[in-house]
Amino acid sequence: MKTTFLPLLSSIILLILGFSNARAQTCRVSAGISCDGMQTYKEVFEYDYVEVKPSFPGGNEALLDYINKNRHYPADAYNQGIEGRVTCSFVVNADGNISHIRVIKGCHKSLNMEAMRLLAEMPTWNPGRQASHSVPVRVVHCIPFRK
């Protein structure tokens, strides 16, 4: 009896663990301050864990074209020879609009501000989908600045 029960128990545990890993992971992003002065958050899905990932209209090549055509190298950083990559996170909402833009790793204040401006002015994305529904998804992207 003990030898039959052990394989059955291990199969049930593996089955449960498999289902728990199949769920999409979410995170919280700051949504600002509420009327009563408390920090509020918005729950969003992580990019790597949604069934259909959000995408820039036209794909990654179109996103790179958008960045290269619309990025303005700030004069102060350019004149000082400052180069680098600004890593930002943002949320692609269920309607495809961009919000909650944050610099995760910056390199110079004016480059950080330019990266945020560039992301804020992006066209509407194709939203991510989970269980056949459009959902808000957090995306991380780098904006390079090279002379």
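Helices are DSSP runs of H or I with at least four residues, numbered from the N terminus. In the predicted model described here, Ala 120 lies in one such element, helix H4. The overall architecture is set out before the surroundings of this helix and of a selected strand are considered.

The secondary structure of the protein amounts to 4 helices and 7 strands. Read from the N terminus, these elements follow the order α-β-β-α-α-β-β-α-β-β-β. Of the 147 residues in the protein, 31% are buried. Among contacts with a separation of 6 or more, 67% are made by residues 24 or more positions apart.

The packing of two helices was examined next. Two packed helices are described by the angle between their axes and the distance between the axes. Helix H2, which spans residues 60-70, packs with helix H4, which spans residues 109-120, at an angle of about 125°, and the axes of the two helices are 11 Å apart. H2 is therefore oblique to H4, since the angle falls neither within 65 to 115 degrees nor over 145. The crossing of the two helices, H2 and H4, is right-handed. On the H2 side, the contact comprises Tyr 66, Ile 67 and Asn 70, which meet Glu 114, Arg 117 and Leu 118 in H4. By character, the residues of this contact between H2 and H4 comprise 3 nonpolar, 1 polar and 2 charged.

Helix H4 also contains Ala 120. This residue, Ala 120, has a relative accessibility of 51% and therefore counts as exposed, the cut-off for that class being over 50%. Ala 120 is separated from His 100 by 20 residues in sequence, while the C-alpha atoms of Ala 120 and His 100 are 9.2 Å apart in space.

A further site was considered in strand S4, which covers residues 98-105 and includes Ser 99. With a relative accessibility of 19%, Ser 99 counts as buried, because burial requires a value under 20%. The side chain of Ser 99 is joined to that of Asn 93 by a polar contact of 2.9 Å. When neighbours within four places in sequence are set aside, the residues in contact with Ser 99 are Phe 90, Val 91 and Asn 93. Asn 93 thus appears both in this set of contacts and as the partner of Ser 99 in the side-chain polar contact.

Methods:
Residues numbered from 1 in each chain as written. Predicted model: local features only at pLDDT ≥ 70, side-chain atom pairs only at ≥ 80, totals over all residues. Heavy atoms only, no water. Axes fitted to C-alpha atoms, helices over the stretch in contact; angles between N-to-C directions. Parallel < 35°, antiparallel > 145°, perpendicular 65-115°, else oblique. Left-handed = near helix turned anticlockwise from the far one by under 90°. Contact = heavy atoms within 4.5 Å. Nonpolar A, V, L, I, M, F, W, Y, C, P; charged D, E, K, R; others polar. Buried < 20%, exposed > 50% of the residue type's maximum accessible area, 1.4 Å probe, protein only. Polar contact = N/O pair within 3.5 Å; in protein donor to acceptor, adjacent residues only side chain to side chain.
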